[in-house]
Each structure stands twice: as C-alpha cells, then as structure tokens.
Amino acid sequence: MDYSQYFSAALGRLHDERRYRVFADLERIAGRFPHATWHSPSGPRNVVIWCSNDYLGMGQHPKVVGAMVETATRVGTGAGGTRNIAGTHHPLVQLEAELADLHGKEAALLFTSGYVSNQTGIATLAKLIPDCLILSDALNHNSMIEGVRQSGCERQIWRHNDLGHLEELLIAAGPNRPKLIACESLYSMDGDVAPLAAICDLAERYNAMTYVDEVHAVGMYGPRGGGIAERDGVMHRIDILEGTLAKAFGCLGGYIAAKGEIIDAVRSYAPGFIFTTALPPPICSAATAAIKHLKSSSWERERHQDRAARVTAILNAAGLPVMTNDTHIVPLFVGDPEKCKQASDLLLEEHGIYIQPINYPTVAKGAERLRITPSPYHDDGLIDRLAEALLQVWERLGLSLHKKAMAAE
C-alpha cells in the first residue's frame with residue numbers, strides 16, 4: 001500500500017482551495033525591527049515586517065535581551081525536566097509571581113505556549129466541574145475551541161459579542177447548573193473588543209464562571225499592561241485570565257492567572273502541564289524583564305496606539321478597504337483567497353513589505369484579508385510607503401477601493 005498517496009491528496013486539496021501556506025524565511029536583526037532580512041529564493045533581501053505579533057518590539061528590547069543572555073550564561077539553557085522533575089527553576093517561579101501580580105490574582109501557572117494554556121486549561125477546568133456547561137463565543141480562537149472539545153462537557157456557542165443571546169443561554173441553563181463563559185477580550189482578526197463588564201454582569205447574575213483570553217491585549221492595554229480587563233476595571237471580576245508571553249512581551253509561553261485553588265487544581269490535573277518540559281530559565285527571565293518594564297513604562301503603548309491610528313487614517317484616506325475598529329489591529333479586506341495570496345506575494349517581492357495573507361480556516365471563506373499590525377517603530381516614512389505599495393497592488397489585481405475614494409477620482 002502506498003501511504004504517501006493520502007498525504008499527497010491532502011496537500012492537493014489545500015492547493016485546489018488556495019489554502020496551501022508558504023512560509024517566508026525571515027531573519028530579524030535586534031535593534032533594526034521592523035526591518036528584517038528575507039532569505040528569498042534569489043538571495044537575501046531587506047524587508048519591512050508589517051504583520052508581527054511582537055506588537056511592541058519587546059523581542060529586541062535591551063532589558064529583555066540582556067536578561068536572557070545573563071540567565072543563559074549563569075544557569076544554562078534548558079529547564080532540565082518537567083515541572084515535577086527538576087523543572088521548577090527559580091526564574092520560572094519568579095515569572096509566575098510577576099504574572100499573578102500583573103493580573104491581581106493569587107497565583108499564575110505557566111505553559112509552553114498560549115495555545116497549550118487554552119487547550120489544556122479550559123479542558124481541565126471544565127472536567128473538574130460536574131455537569132459543566134461551557135458557553136463559548138462564536139469567534140473564539142482554535143485553541144479555546146479545542147479546549148472546549150477536549151473537556152467532553154456540553155457546549156453551546158453564543159453569537160459573537162451578542163449579550164442578548166448569551167443571556168438567553170444562561171437563563172435556559174438554569175441557576176443551579178455550573179456554567180463557564182469563555183471569550184476573548186480582543187479578537188485578533190477583526191480587532192473588536194468584548195464587552196467584558198457586561199459579560200461579568202451576566203455571569204454574576206446567573207451564577208457562572210468567566211474565562212477570558214487576553215493574548216492580544218496583555219501588555220498592550222491598561223495602566224500596567226494588564227490587558228482590556230485592567231483597562232475596563234473588571235480584572236477582579238473575572239475568574240480566570242489567560243495570556244501569552246509571545247506577543248506584547250516578545251518571548252514565548254502561555255499562562256493562566258486565578259485564585260490559588262483554581263491554579264493548584266489545574267497544576268495537579270492538566271496533562272498539557274504535567275507531561276511537558278518546563279519553559280527554559282533564559283526565556284522566563286526575559287519575559288519577567290519585559291513584564292516589569294511594561295508595568296512601569298507607558299511609552300510603548302502610547303506610541304503603538306499612535307502608529308496604529310496613523311496607519312488606519314492613511315489607508316482610509318487612500319481609499320483602501322480598512323475594516324475599522326478601535327484597537328491596534330488594522331485588517332484590510334480582500335475577500336478572495338487567491339488574490340489575497342497574490343497581494344501578499346507582490347508586496348514582498350516587488351515592494352519589500354511582508355504581510356502574511358489571512359485565509360480560511362483562520363477567517364471565514366469570503367472574509368480573506370491582509371492583517372496589518374503596526375509597531376512603535378514603524379515611522380511615518382514606512383507608513384507612507386506601505387500605503388503607496390498597497391495602492392499599486394490593489395490596482396494591479398483589480399481589487400476594490402472605498403466607493404467614496406473611487407468617486408473622488
């Protein structure tokens with residue numbers, strides 16, 4: 001039997017659906033972000049990255065790099081084992097304490113990625129609650145969806161940010177059934193924000209727990225970078241907050257923060273925590289340095305919001321189809337998977353601009369887009385060149401501009 005035929009057929013389906021993903025070989029240079037070297041088929045080329053999740057450029061911050069180098073030099077590289085077998089090293093313990101403080105919770109628990117923290121965190125929490133009903137927002141990330149599935153609990157999907165629908169489901173479940181409301185604070189593909197205060201109101205009214213994914217908001221919002229929950233003054237009302245170290249903090253790893261007994265229960269029961277090697281000491285020290293810096297420095301957040309607002313304004317003025325929101329995400333609607341990929345290729349190959357296409361299944365079919373994420377280090381010149389390049393690509397591919405802009409022409 002030729003088993004390879006199954007894999008070839010699976011890849012063929014992706015090509016036919018224009019969903020086959022090609023990765024750009026990028027080499028970031030510390031101190032030069034958002035500039036990077038693209039190792040293209042024809043050789044190295046300088047490019048500007050416009051879609052990094054290192055939102056604040058903390059991956060190159062001297063304090064963060066310095067902490068990583070110092071720790072690696074002092075204690076070595078790897079963690080040496082799982083948390084239970086020699087892997088609970090001191091930099092990791094310090095990082096968990098820093099995260100608990102950031103979110104005003106009794107304790108925090110580290111995982112190897114934000115994906116794992118959602119997948120194993122939600123599944124473990126729900127399994128420990130008899131007859132738990134999970135109420136999940138329709139646009140929750142795949143990691144949350146997998147956590148819900150793996151819990152084996154009954155789940156109901158509430159329409160995205162639809163408080164009326166959520167309340168209907170809570171009422172139908174009855175006051176005595178255990179319920180877990182799971183949502184994100186900031187949805188990274190559209191850039192819209194959950195009404196956290198109103199969700200907390202419903203949770204308290206109908207006796208439900210709350211689990212909020214803050215991965216695209218932690219470090220970015222709030223006086224100390226505690227996320228949308230901190231900004232909106234509801235951090236203390238949310239039972240479990242989940243976040244990442246791989247975006248605004250520029251490192252690697254995921255975590256949850258909550259009351260001590262919740263964290264201890266997940267620590268004691270979660271397979272995705274128990275049976276995997278702990279995060280390495282240099283990563284933990286670097287993340288701690290990033291968190292400490294952003295707790296006291298607001299420059300990065302303020303500059304970042306300024307840059308995002310400028311990109312949105314310039315692209316809107318050019319007539320480009322910006323999907324408007326009030327956050328740092330700047331989605332540009334395309335609506336066609338093949339043209340979305342072509343636009344990304346043209347920007348990279350002809351303009352030295354790297355923006356990865358966002359196609360199904362990350363977004364719904366027909367909702368394909370380019371997702372732009374400005375950083376504090378994208379200056380006015382880079383923004384102007386981005387708008388010029390996008391206009392040229394849009395014209396070349398026959399993509400639609402705003403009707404208002406076309407009429408003005």
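**Sheets and helix packing in the predicted model**

Strands S3 and S12 pair in the parallel sense, and two bridges connect them. In this pairing, isoleucine 49 faces tyrosine 354 of S12. The structure described here is a predicted model. S3 and S12 belong to an open sheet of four strands, in which the order is S1-S2-S3-S12 and the pairing is mixed. Strand S1 (26-28) and strand S12 (353-354) are at the edges of this sheet; each has a single partner strand, so one side of each is left without a neighbour in the sheet.

Within the same four-stranded sheet, strand S2 (residues 35-40) runs antiparallel to strand S3 (residues 43-49), and six bridges join the two. The connection from S2 to S3 is a hairpin of two residues. Serine 40 is placed opposite glycine 43 of S3.

A further open sheet is formed by seven strands, arranged in the order S4-S10-S9-S8-S7-S5-S6 with mixed pairing. Its edges are taken by strand S4 (107-111) and strand S6 (154-158), each of which pairs on one side only. On average, neighbouring strands of the sheet are turned by 20 degrees against each other, with direction ignored. Inside this order, strand S8 (residues 209-213) is paired with strand S9 (residues 240-244) in the parallel sense, over three bridges. Aspartate 213 has glutamate 242 in S9 as its bridge partner.

Helix H4 (residues 90-102) is packed across two strands of the seven-stranded sheet. These strands are S4 and strand S10 (254-258), and the helix runs at about 125 degrees to S4.

Two other helices are in contact with each other. The axes of helix H5 (residues 114-127) and helix H6 (residues 142-151) come within 7 Å, and their crossing angle is roughly 30 degrees. Angles under 35 degrees count as roughly parallel, and H5 and H6 are therefore roughly parallel to each other. The crossing of the two helices is right-handed. On the side of H5, the contact is made by Tyr115, Asn118, Gln119, Ile122, Ala123, Ala126 and Lys127. H6 contributes Asn142, Ser143, Met144, Glu146, Gly147, Val148, Gln150 and Ser151. Sorted by class, the residues in the contact of H5 with H6 comprise six nonpolar, seven polar and two charged.

Methods
Residues numbered from 1 in each chain as written. Predicted model: local features only at pLDDT ≥ 70, side-chain atom pairs only at ≥ 80, totals over all residues. Heavy atoms only, no water. Pairing = 2+ DSSP bridges. Axes fitted to C-alpha atoms, helices over the stretch in contact; angles between N-to-C directions. Parallel < 35°, antiparallel > 145°, perpendicular 65-115°, else oblique. Left-handed = near helix turned anticlockwise from the far one by under 90°. Contact = heavy atoms within 4.5 Å. Nonpolar A, V, L, I, M, F, W, Y, C, P; charged D, E, K, R; others polar.
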